[in-house]
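Me: I'd like to learn how to read a model like this one, feature by feature. Could you walk me through it?

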Amino acid sequence: MSEDFFDVIVVGAGIIGASTAFYLKKQGVSNVLLLERNQIASGGTGKSAAIVRSYYSVPVMARLAKEAVNLFHNLEEEIGTNGGFNNTGFTVLVSPEWLDKAKEVISMNNKLGINSEFIPEREWENTLPWLNPEGVGAVVYEKDSGYADPVQTTEGFVKAFKNLGGVFKERTAVRELIRKGDSIDGVILESGKIFSEAVVNAAGPWSKFLAEGVELELPIVSVREQDSIWQFRTKKGMPNSPVANQIEATYMRPMGDGRWLLGRGYPKDYYECDPYNFKESGDEEFLDDLYKRCCERIPGLQGSKMINSYASLYDVTPDWIPFVGPRDGIRGYFDASGGSGHAFKTGPIFARELAEWITKDKVKDDFRQFSFDRIKNNQMFNQSFGGNRV
Ligand SMILES: Cc1cc2nc3c(=O)[nH]c(=O)nc-3n(C[C@H](O)[C@H](O)[C@H](O)COP(=O)(O)OP(=O)(O)OC[C@H]3O[C@@H](n4cnc5c(N)ncnc54)[C@H](O)[C@@H]3O)c2cc1C
């Protein structure tokens with residue numbers, strides 16, 4: 001193997017790049033190089049709430065999410081670590097305006113084999129003693145879902161990749177891609193050029209700049225996403241699972257030791273920011289508002305103490321669904337970014353199907369729509385709920 005030629009170079013060791021590199025090796029590609037500018041999971045992946053759920057209204061996303069849940073149940077077998085996966089279940093508090101849509105989603109999800117159901121209202125008092133039920137349209141519960149440790153999961157993929165003979169270099173930034181006519185032929189590092197048959201651009205919010213550097217359009221916008229960790233003192237008990245609350249637009253998930261992660265869900269204001277220079281701490285006003293919203297639905301939270309808050313990035317595409325796959329007319333280039341705030345869980349499944357697309361030039365029919373070409377083909381995804389609640 002020559003040092004400066006690889007079959008595939010993957011740029012970025014977030015969840016998508018790390019798992020793509022792993023699946024390329026698993027599917028038999030000889031020489032794969034994974035490059036990371038900083039450290040494993042140092043982008044949005046490392047700060048992810050890492051909730052692993054299947055409640056999607058877009059059928060292909062529900063299919064991928066179902067496969068993701070299944071993968072997390074079997075992750076240890078696949079990569080040698082369980083990625084800190086906790087199968088706690090997942091609860092959705094449905095707002096009355098989304099009740100009809102929720103019924104459609106559950107019916108579609110059940111047909112795909114997703115284990116989700118409505119908790120009947122008569123059972124709420126007993127099973128959800130923490131809940132203020134006022135204004136709740138329905139409660140959905142997914143038994144097989146939960147949450148994972150995003151760093152452990154991503155490190156697990158890199159380790160498994162290396163065990164299969166993959167080459168990983170951290171603190172190695174790609175300055176530019178190499179383009180010759182309509183072919184992407186490798187990458188330029190500070191130390192020089194490395195050539196390859198194919199390059200996967202999995203650089204998250206920064207993928208846009210790599211693409212634009214070789215005149216490939218990539219309409220991804222970076223927005224801050226704030227999460228916070230709280231110590232609860234409630235005597236009324238807490239949910240057993242992560243909760244997505246559509247009414248006050250919040251989400252939460254356990255962190256262990258009486259601590260919970262709280263964040264704001266869609267709809268809320270999003271402001272474009274510079275991914276090379278953004279405020280990484282939380283905003284006081286945002287946190288006050290978040291706390292009020294959470295206490296409204298879970299009154300026992302009054303008196304909780306905030307331990308930490310931070311902001312990371314969502315890399316958002318125009319329809320809030322990633323760009324994954326090749327593009328017409330460009331040889332040797334594959335998109336794998338634009339997670340839009342919900343691609344931790346599905347990252348490894350996008351990766352598995354992308355690796356098949358790269359190695360066999362074959363892909364499931366419903367997966368083709370993820371290509372960037374959906375823009376020119378007028379095949380953008382239709383969102384039902386808006387934002388990252390696709
Ligand atoms: C606060 C927060 C909460 C979230 N909660 C959830 C959730 O509950 N469930 C869920 O499914 N999803 C969630 N998400 C979304 C999910 O975490 C992301 O969609 C996913 O992690 C994106 O992974 P990625 O690999 O595409 O990008 P990133 O994690 O951003 O990885 C890109 C990597 O590329 C590297 N890189 C960039 N430029 C270069 C270069 N030039 N050369 C080399 N390397 C480079 C970066 O350093 C980075 O490590 C959340 C996201 C955030 C921010």
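Reply: Sure, here is a walk from domains to ligand, core, one helix and a few single residues. Keep in mind that this is a predicted model.

Me: Let's start at the top. Which domains does the assignment give for the protein chain?

Reply: The assignment gives two entries, and neither is one continuous stretch: domain 1 is 4-47 + 151-220 + 319-374, and domain 2 is 87-145 + 222-314. Their C-alpha centres lie 31 Å apart.

Me: How many residues of domain 1 are in contact with domain 2?

Reply: As a general idea, the size of an interface is often given as the accessible area lost when the parts come together. Here I'll go by contacts instead: six residues of domain 1 are in contact with eight of domain 2. On the domain 1 side, that's two nonpolar residues, three polar and one charged.

Me: Now the ligand. How many residues surround it, and which are the closest?

Reply: The shell has 41 residues, and the closest are Gly-12, Gly-14, Gly-43, Gly-204 and Gly-339. Elements giving two or more residues to the shell are α1 (15-26), α2 (44-47), β12 (221-231), β16 (305-316) and α10 (343-360). The top contributor is α10, with four residues. By character, the shell splits into 19 nonpolar, 16 polar and six charged residues.

Me: Where does the ligand lie relative to the domains, and why?

Reply: The trick is to ask who supplies the shell. Domain 1 and domain 2 both give residues to it, so the ligand lies between them.

Me: What about the inside of the protein? Which residues have the most contacts in the largest nonpolar core?

Reply: That core holds 107 residues, and those with the most contacts inside it are Val-8, Ile-9, Val-11, Ala-18 and Leu-34. Again α10 gives the most, this time nine residues. The core also draws at least three residues from each of domain 1 and domain 2. To get a feel for the packing, pick Val-8: leaving aside neighbours within four places in sequence, its contacts are Leu-24, Val-29, Val-32, Ser-196, Glu-197, Ala-198, Val-200 and Ile-358.

Me: Let's zoom in on a helix. How far does α7 reach from its first C-alpha to its last?

Reply: A handy check is to set the span against what you'd expect at 1.5 Å a residue. Helix α7 (150-163) has 14 residues and reaches 20 Å, close to the expected 20 Å.

Me: Is α7 mostly covered or mostly open?

Reply: Mostly covered, with ten of its 14 residues buried. Among them are Val-151, Phe-157, Val-158 and Phe-161, along with Glu-155. The cover includes α1, β2 (32-35), α2, α4 (75-79), β8 (167-169) and α10. Just after the helix, Gly-165 takes a positive phi of about 100°.

Me: Can we try two single residues? Is Ala-41 buried or exposed?

Reply: Count C-beta neighbours. Ala-41 has 24 of them inside 10 Å, so Ala-41 counts as buried. Ala-41 sits in the loop between β2 and α2. Not counting residues up to four places away, Ala-41 touches Gly-14, Gly-46, Pro-150, Val-151, Thr-154 and Glu-155. Several of those contacts, including Val-151 and Thr-154, are among the buried residues of α7.

Me: And Lys-47, is that one buried or partly exposed?

Reply: Partly exposed, because Lys-47 has 19 C-beta neighbours inside 10 Å and the buried class needs 20 or more. Lys-47 is in helix α2. Beyond four places in sequence, Lys-47 is in contact with Asp-227, Tyr-310 and Ser-312.

Me: Last topic: backbone oddities. Which peptide bond is cis?

Reply: Look for omega near 0°, and you'll find the bond from Tyr-266 to Pro-267. Pro-267 is in the loop between β15 (259-264) and α9 (284-297).

Me: What is phi of Asp-361 and of Asn-378?

Reply: Asp-361 has phi near 50°, a positive value in a residue other than glycine. For Asn-378, phi is near 55°, positive as well. Asp-361 is in the segment after α10, and so is Asn-378. Asp-361 is exposed, with 8 other C-beta atoms within 10 Å. Asn-378 is exposed too, with 6.

Methods: Residues numbered from 1 in each chain as written. Predicted model: local features only at pLDDT ≥ 70, side-chain atom pairs only at ≥ 80, totals over all residues. Near = placed C-beta within 6 Å. Nonpolar A, V, L, I, M, F, W, Y, C, P; charged D, E, K, R; others polar. Domains from an automatic or database assignment. Core = buried A, V, L, I, M, F, W, Y, C linked by C-beta atoms within 7 Å. Buried ≥ 20, exposed ≤ 12 C-beta atoms within 10 Å, placed from the backbone. Contact = placed C-beta atoms within 7 Å. Expected span 1.5 Å × (residues − 1).
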